[in-house]
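Here's a quick briefing to read with the model open in your viewer. Have a look at the chain first, then work through the notes.

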Amino acid sequence: MCGIVGYIGPKEKKEILLDGLQELEYRGYDSAGIAVIQGEKLNNFKAVGKLKNLREKTKNYTSKGFGISIGHTRWATHGKPTELNAHPHLGAYSYVVHNGIIENYQELKKELQQEGVTFLSQTDTETIVHLFEKYHNEGFAPFEAFQKMVERLEGAYATLLITEAAPDTIFFAKNGSPMLIGFDGEEVYFASSDTPIIGRANEVYYLEDGEYGYVQNGKVHLFDGNGEKAFQTQPLIADKAMAQKEGYRFFMEKEIYEQSRVMGETMMGRVLEEEIVLDELNADFFEGINAIKICACGTSYHSALTAAYLFERLAKIRCDVEIASEFRYKDPLLSNDTLFVTISQSGETADTLEALKMAKRAGLKSLSICNVDNSSIVRESDTAILTRAGIEKGVASTKAFATQTMVLWMLALYVGQVKQTLPQELLKEEIDAMLRTPKALVVTDELHAKLHRLSKRYLHGHGFFFIGRDIFYPLALEGALKLKEISYLHAEGYPAGEMKHGPIALADAELFTIALMPKTMHYDKIKSNVEELSARDATICAISPLPFDLADDFVQTQYSSHPMVEFFEMMVVTQLLALEISVRLGNDVDMPRNLAKSVTVE
Ligand code: M6R
């Protein structure tokens with residue numbers, strides 16, 4: 001995920017770009033850059049890290065008067081977050097910004113290098129600008145050269161290009177990554193989403209995949225495979241908060257829907273056909289490591305518990321998990337052959353950070369799995385793997401949990417790979433399942449409507465038990481946490497087989513049991529556990545791909561080819577159920593009472 005802004009017109013371009021990029025910073029903040037062509041003068045600034053560094057660098061620069069300009073905030077996919085890898089990328093006389101991945105960039109790069117082009121960065125994006133200049137240098141007019149360049153690109157892109165060869169024109173193309181064009185009279189804006197142009201433009205056109213073109217003299221020329229085409233703009237929504245929610249009622253709802261897409265981002269460049277590649281880890285990272293200890297809090301703790309099953313089952317490495325606030329005061333015995341892993345969405349959770357410091361003092365190697373680059377936990381760790389969920393605003397964590405769990409699954413396979421404890425055949429099966437996950441995370445209208453309907457039956461009672469076995473036990477814990485956080489109803493997650501050792505005493509019609517009944521994992525065992533509850537009159541809501549006669553309510557899942565795929569699909573069901581119950585109870589879904597997004601106190 002990267003963010004793009006463009007502007008053509010007489011206003012102060014630097015401010016428009018920087019303010020726009022600020023709105024998009026959630027899409028990535030490894031580095032940022034802008035390029036402006038005004039008259040004959042071309043200016044370009046780049047800075048590593050957050051946008052404030054670029055602001056500082058450009059503080060004495062002004063850019064009033066007619067000109068063209070593009071800006072970018074980067075979330076690194078190819079090449080480390082350095083200034084050379086930051087956008088805009090320069091050819092000999094043109095600049096480009098890009099969001100997405102050019103899948104055939106290696107082939108294009110090789111071709112260009114053979115023709116004598118020197119590449120300065122490690123990015124896929126740089127091929128775009130050189131390809132454009134190649135065609136222009138061959139004698140094609142700027143737009144023809146741009147068109148020829150677009151024809152060669154494979155993969156996902158939203159891209160803007162400016163060139164001294166046409167200093168009054170911005171060229172654009174979109175395929176797979178988002179981009180829109182904003183209009184205010186003769187002034188034209190480009191952006192990855194609405195928010196950078198709200199308050200500036202009043203009309204908008206959302207580009208479709210396969211569209212490209214140029215803007216010149218206040219007029220946009222739009223093309224697709226069939227040539228130039230007419231297009232219809234629409235009024236731009238004026239409310240920024242509404243725009244940020246992109247039409248959803250709550251950030252949490254938007255984040256649940258985003259999970260399918262962000263999972264793709266989490267896997268990008270890491271999950272290959274027959275191998276897991278984690279550039280963040282040196283080849284010898286696991287040398288001398290015989291065990292893993294994970295510390296985390298809340299939802300992150302639940303992803304850690306899930307991971308413990310995966311590490312032991314897939315990688316055959318011992319793994320234990322502790323709640324960070326407990327670990328801190330128990331005088332733990334630590335040994336140097338243990339890798340200390342912390343998991344945190346925010347990277348600022350005080351207990352997790354302190355646990356990490358303790359482990360470091362004891363001389364343990366550390367790895368963090370985090371959603372926020374440069375956060376305290378990331379900085380404190382020897383190395384970090386970012387979850388790439390994008391900013392999460394709902395206090396109740398959803399997509400952070402999904403992406404943490406995915407990264408941990410990848411890590412388990414990676415450990416199995418480097419330690420050669422995971423047979424190649426099994427690795428391949430796991431990878432195939434991983435690649436099917438985004439599909440299982442898609443929220444269909446039918447599913448959401450069903451959970452909306454069901455939710456009205458679960459607004460009272462004396463409590464919920466979410467039950468599951470194996471990896472579905474941590475998922476049960478997470479489902480219960482989600483529900484209690486935003487509904488304020490009492491909910492517990494429990495291992496299904498443990499109910500008969502005490503909690504079953506609570507069973508009656510007012511005890512709601514949410515039963516996670518996957519087909520691919522201990523189905524018959526959990527079925528018996530649910531039957532025991534049903535026999536005591538508990539109200540059962542079963543989530544399963546297999547119909548279950550004793551269920552009072554039943555949510556049928558669609559994907560049952562692999563436990564983890566089932567896990568992720570059931571996760572979405574529990575998240576939507578919590579959301580809909582909370583809405584019916586009239587609670588503040590995004591900012592539930594007594595909670596904070598980042599818990600920076602002990
Ligand atoms: O930022 P972290 O992942 O370290 O936060 C840990 C917990 O505070 C967090 O997961 C909390 O439980 C969420 N509100 C769960 O939805």
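The notes below go from the domains to the ligand and then to a few local details. Keep in mind that this is a predicted model. The chain is assigned three stretches: domain 1 covers 3-245, domain 2 covers 251-440, and domain 3 covers 445-584. Most of the notes deal with how domain 2 meets domain 3, and with what sits around the ligand.

**Domain 2 against domain 3**

- Going by C-alpha atoms, the centres of domain 2 and domain 3 are 26 Å apart.
- On the contact count, domain 2 puts in 29 residues and domain 3 puts in 26.
- Interface size is often quoted as the accessible area that is lost when the parts come together.
- Here the buried area between domain 2 and domain 3 is about 2400 Å², with carbon and sulfur atoms giving 70% of it.

**Polar links across that interface**

- How many salt bridges run between domain 2 and domain 3? The count is one.
- Arg313 pairs with Asp470 in a salt bridge, and their closest N and O atoms are 2.5 Å apart.
- Polar contacts add to the picture, with 10 residue pairs found across the interface of domain 2 and domain 3, both partners at pLDDT 80 or more.

**What domain 2 brings to the contact**

- Four helices each give two or more residues to the side of domain 2 that touches domain 3: helix 7 (251-267), helix 8 (298-315), helix 12 (399-418) and helix 13 (424-440).
- Which element gives the largest share of that side? Helix 8 does, with eight residues.
- Sorted by class, the side of domain 2 facing domain 3 holds 15 nonpolar, nine polar and five charged residues.

**Around the ligand**

- The ligand has 15 residues around it, and the closest are Ser300, Ser344, Gln345, Thr349 and Glu485.
- Ser300 has a polar side-chain atom 2.6 Å from a ligand oxygen, and Ser344 also places a polar side-chain atom 2.6 Å from an oxygen atom of the ligand.
- For Thr349, an N or O atom of the side chain is 2.4 Å from an oxygen atom of the ligand.

**Salt bridges in the whole model**

- The total count comes to 34 salt bridges.
- One of them joins the side chains of Asp19 and Arg200, at 3.3 Å from N to O.
- That pair ties together distant parts of the chain, 181 residues apart: Asp19 is in helix 1 (residues 13-24), while Arg200 is in the loop between strand 10 (187-191) and strand 11 (203-206).

**Backbone spots to check**

- As a rule, most peptide bonds are trans, and most residues other than glycine have a negative phi.
- The peptide bond from His87 to Pro88 is cis, with omega near -5°.
- Pro88 sits in the loop between strand 4 (67-74) and strand 5 (89-90).
- Asp331 isn't a glycine, yet has a positive phi, near 50°.
- You'll find Asp331 in the loop between helix 9 (324-327) and strand 18 (338-344).

Notes: Residues numbered from 1 in each chain as written. Heavy atoms only, no water. Domains from an automatic or database assignment. Contact = heavy atoms within 4.5 Å. Buried area = accessible area lost by both parts, 1.4 Å probe. Salt bridge = Lys/Arg side-chain N within 4 Å of Asp/Glu carboxyl O. Polar contact = N/O pair within 3.5 Å; in protein donor to acceptor, adjacent residues only side chain to side chain. Nonpolar A, V, L, I, M, F, W, Y, C, P; charged D, E, K, R; others polar. Near = heavy atom within 4 Å.
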